[in-house]
Amino acid sequence: MTLPQIVSPKPFLTECGMETCLVYKDKVHLPCFSSLPLVDSETGRRLISHYYNSYISIAATSGTGIVLDTRTWRGATPWAQPMGVSTDKLLDLNRAAVRLAKEARNNAMGGETNIPVVISGTMGPLRDAYKDTSGSISLEDAREGYREQVEVLADAGVDLLAIMTVTNLNEAIAVVELAREVRLPVVVAFSIESDGRLLGGRSLESAIRTVDERTGGYVAYYGVNCAHPVRISAALRDVPKDVRGRIGLIKGNASLKGHDELDNSETLDRGDISVFRDGFEGVLPLVPNVKVIGGCCGTDEEHLAAIAQRCIK
């Protein structure tokens, strides 16, 4: 299947920072910053569905499609013990998360908001996203860590796989290799620091070129997430045009603060929405093949609507 966002004449939207909204606005405790356990209760499912429906509504108003992330960013089997569940239970939650996203799609396509809705089987780092694990997680470790989650997501019927907020290239390469084995397209989204580089100091250009070289260019497109769009545009100015052409996803943070500051913050920094919106407008000319835009930490429906109004034309 050809992903509809690949051939769309205008970018699709994706969601904004659901987890930060759940923590700071809805006062929901998320173990390991994971919304995955919420799919195990009726109250949790209703809350997630509320956010899904709001994102779909913004996309429909903007006349474009949307990519919904399954709540599986912390769904790889190494996270079972930290979250206090068995491996079997964790994988069952992955299945339930896909079902919930599919229900949102079915409701959208069966009602007035009949727009394309793509289900992304979303994965994250195997350890703390803000710690450099490049020297401690091998390619084989990563393949073992992600294998069961990839197989479950594929079997549950996601449209694509995506690894988000990644800085360890072994993790990125492992997910791409596993995606090829289950014959699904895959997206790799890197997180950058305030200096425009990945944790550990690798440049964005080097990261994209290395993964492409190691995987035969199998990645459908790359992304940058978990950084303010102003930071992303600054980083992209130093990236050659051919590499920027491989970037199809931008998900910006609301705040200009660095990861260390945000990680230790007890309050939600929504940033300045006009600066966020203008920052996106500055990023998009640098990524001529952009397919999907949305928000990351600290963003909500107001941020998403702002970039939709300005950038979806």
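Let's start with Cys296, which counts as buried because its relative accessibility is 11%; buried here means under 20% relative accessible area, exposed means over 50%, and partly exposed is in between, with a 1.4 Å probe and protein chains only. Before I go on, this is a predicted model, where local features need pLDDT of at least 70 and side-chain atom pairs count only at pLDDT 80 or more, while totals for chains, interfaces and linings use all residues. Residues are numbered from 1 along each chain as its sequence is written, and side-chain values use heavy atoms, with hydrogens and water left out.

Okay, staying with cysteines. How many disulfides does the structure hold? Zero, taking a disulfide as a pair of cysteine sulfur atoms within 2.5 Å. Cys226 is in no disulfide, and the nearest cysteine sulfur to it belongs to Cys297, 3.8 Å away. Cys296 isn't in one either; for that residue the nearest cysteine sulfur is the one of Cys226, at 4.2 Å. Cys226 is also buried, at 3% relative accessibility.

Now the overall fold. You're looking at a closed barrel of eight strands, in the order β1-β2-β3-β4-β5-β6-β7-β8, with parallel pairing. Neighbouring strands in this sheet are turned by 25° against each other on average, ignoring direction. On the terms: two strands pair if DSSP finds at least two bridges between them. Helices (H or I, at least four residues) and strands (E, at least two) are DSSP runs, numbered from the N terminus. Axes are lines fitted to C-alpha atoms, for helices over the stretch in contact, and angles run from 0 to 180 degrees between N-to-C directions.

To zoom in on one pairing, β2 (residues 66–69) and β3 (residues 117–123) run parallel over four bridges. There, Ile66 stands opposite Val117 of β3. On another part of the barrel, helix α13 (residues 301–311) lies across β1 (12–14) and β8 (292–295), at about 145° to β8.

Next, Gln5, which sits in helix α1 (residues 4–7). Is Gln5 buried or exposed? Buried, with a relative accessible area of 1%. Leaving out residues up to four places away in sequence, Gln5 touches Phe12, Val67, Val118, Leu160, Tyr221, Lys291 and Val292, where contact means heavy atoms within 4.5 Å. With Tyr221 there's also a polar contact, side chain to side chain, at 3.1 Å. That term covers a pair of N or O atoms within 3.5 Å; within protein, one must be able to donate a hydrogen and the other to accept it, and residues adjacent in sequence count only if both atoms are side-chain atoms.

On to the aromatics: there are four aromatic pairs in the structure. Rings of Phe, Tyr and Trp (its six-membered ring) pair if their centres lie within 6.5 Å; planes under 30 degrees apart are stacked, over 60 edge-to-face, and the rest tilted. One of the pairs is Phe33 with Trp73, edge-to-face, 6.5 Å centre to centre and 85° between the planes. Phe33 is in the loop between α2 (18–25) and α3, Trp73 in the loop between β2 and α4 (80–83), 40 residues apart. Phe33 is partly exposed, at 31% relative accessible area. Phe190 and Tyr222 are stacked instead, 6.1 Å centre to centre with 10° between the planes. Phe190 is in β5 (residues 186–191) and Tyr222 in β6 (residues 221–227), and both residues are buried.

Last one: Thr61, in helix α3 (residues 42–62), is exposed, with a relative accessible area of 70%.
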